[in-house]
Structures are given as structure tokens and as C-alpha cells.
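Colleague: Could you take one part of this model and go through it closely, setting it in the context of the chain around it? I would like a single connected account rather than a list.

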Amino acid sequence: MIHIAPSILSADFARLGEEVRAVSAAGADMIHVDVMDGHFVPNLTIGPAVIAALRPHTTLPLDVHLMISNPEAHIESYAKAGADRITVHAEATHHLDRLVAQIHASGKKAGVSLCPATPPDVLEYILHTTDLVLVMTVNPGFGGQAFLPSQLPKITRIREMIARTGRDILLQVDGGITPTTAPQVFKAGANVLVAGSAIFHGGASAYASNIAELKKVYV
């Protein structure tokens, strides 16, 4: 089964509540929230207060992707704000196992994200507790970037690693996802597609057809 996670990074920030309600009604499976700190990545986006403000606008899971330095200091804030899943970057911490345990202790599901240059081997000793793996198919920091085909073998390798655990771990892909690239990442083994500009265009009346177009990979 394929899950679609619209990234609100491409939404109209002046109307975020309306945008979240619109994609929720249009068939989204979760809402992807990109948090950037201007340090781990060069862009700066939103924090816990915005997530808390969005929480009443949808019953879908809030899938919060922390692209920040020192994530250990902020897990509790995002958990309290209403995140359902918190994904951290393996590159952002020296103690990934401890950080995943911290997310679980906050009562949330834990994800681990890998930048394009990070090999899948870093997941070997963490998959037994991870709920989601996020493969970045662009270099994180900005929306609207071109898909990196070099990441397709990595997705396949991670799908094989997940299969060996016997656990139901989501394999998410984020970056340059379009109706053209979605079938490629699905074939490689992904089952959650994060998409921004491919969904948030044409106005709210187009969101359902945009999501349906991405879901065609599963038909």
C-alpha cells in the first residue's frame, strides 16, 4: 500500500490551516511538516507553535521531519505540540539509538532520515526500534529540487534491510516526487511518498486529483 504525505513546505503559509484541511479532505494519508533551523540546513521554516496551531485542523498524523542541529533538546517540544511521528537525521546526532529511545519515551513514533551522501549501513543497529526510515532524494533545505536518481539503489537496499527485520517499518522518500518519479521510488521499495509542489498546485480543487495521480503507482 502507498501512503501520500503532502509537505506543507509548498503550501500557502498565509493559509496553512485551510491548506491542511484541504489536503486532508483530498485523500492525504498524513501531513508532512518540514522543520528547518538555518543551521543543519540553510533554510529556516517553522517551530512547535505552528505545529500546535495546525493540530486542530486535521485528524491525520502529523509527520514531523526535524532538519535541525541538536534535536535532543527539542523532542519534548514537538511531542507536546502534537506531532504523531518525529523523524530525526542520523547526521545530526552522535547518539542515534538514544535519540530514538527519547522519541519513544515522549510517546511518539520515531523515524530516522538519511541525506543523499549517507550510506544505509548506519541503520543496521537501529532498525530494531525504528518506526520509519526517510530517504532524502534531494539535499535537504529547500523545496522544489530535482530528484536524485542515485538514491534509488539505496531505497532498494533499505527495503531489503527492513524485510530482514520482520518489522512493519515505513520506508518514506522525500524530494522531487512527481508523477514521473513516484513509480520509480515505489518500484525501488518505498511505501510513503512525501510531495510538496506536485500536490500544492492548481488550487485546493486540484489537490484530490494531484494526490490520486501520485497514488496511481499502486494501482
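Modeller: Contact here means heavy atoms within 4.5 Å. The model is a predicted one, and the part I will start from is L123, which, leaving aside its neighbours within four places in sequence, is in contact with V112, L114, V133, I158 and M161. L123 is among the residues with the most contacts inside the largest nonpolar core, a set of 64 residues in which I8, L66, I86, I155, V185 and L193 are also listed for their contacts. The largest share of this core, 5 residues, comes from helix α5, which spans residues 152-165. A second core, separate from it, has 9 residues, including L134, M136, L170 and V192. In soluble globular proteins, nonpolar side chains tend to be buried together.

From the cores one can turn to the strands, beginning with β2, residues 31-36. Of its 6 residues 6 are buried, so β2 is largely enclosed by the rest of the structure. The side chains alternate in direction, with I31, V33 and V35 pointing one way and H32, D34 and M36 the other, and all of them are buried. Strand β2 runs parallel to β3, residues 62-67, and 6 bridges join the two, with M36 standing opposite M67 in β3. Between these strands the chain passes through helix α2, residues 48-54, and the β-α-β crossover made in this way is right-handed.

Strand β4, residues 85-89, holds T87, a residue that is buried, with a relative accessible area of 1%. Leaving aside neighbours within four places in sequence, T87 is in contact with D63, V64, H65 and L66, with G111, V112 and S113, and with L132 and L134. V112 is thus a residue that L123 also contacts, and L134 is one of the residues of the second core.

The helices can be read in a similar way. In α4, residues 96-105, the buried residues include L96, L99, V100 and I103; they cover an arc of only 100° around the axis, which puts them on the same side of α4. On the other side of α4, R98 and A105 are exposed. The cover over the buried residues of α4 includes α3 (75-81), β4 and β5 (109-114), and after the helix comes G107, whose phi is positive, near 90°.

Helix α7, residues 207-215, has Y207, N210, I211 and L214 buried, and, seen down its axis, the buried residues fall within an arc of 95°, so they line one face of the helix. These buried residues pack against β1 (3-6), α1 (16-25), α6 (182-188) and β8 (192-195).

As for the chain as a whole, it contains 7 helices and 8 strands. Its radius of gyration is 16 Å, close to the 17 Å that the globule rule gives for 219 residues, so the chain is as compact as a globular protein of that length. Taken along the principal axes, the C-alpha atoms fill a box of roughly 45 × 35 × 30 Å, and 54% of the 219 residues count as buried. Among contacts between residues at least 6 apart in sequence, 65% join residues at least 24 apart.

Methods: Residues numbered from 1 in each chain as written. Predicted model: local features only at pLDDT ≥ 70, side-chain atom pairs only at ≥ 80, totals over all residues. Heavy atoms only, no water. Buried < 20%, exposed > 50% of the residue type's maximum accessible area, 1.4 Å probe, protein only. Helix = DSSP H or I, 4+ residues; strand = E, 2+ residues; numbered from the N terminus. Pairing = 2+ DSSP bridges. Right-handed = clockwise from strand over helix to strand, strands pointing away. Arc of directions from axis to C-beta. Core = buried A, V, L, I, M, F, W, Y, C linked by side-chain atoms within 4.5 Å. Rg over C-alpha atoms; globule rule 2.2 N^0.38 Å.
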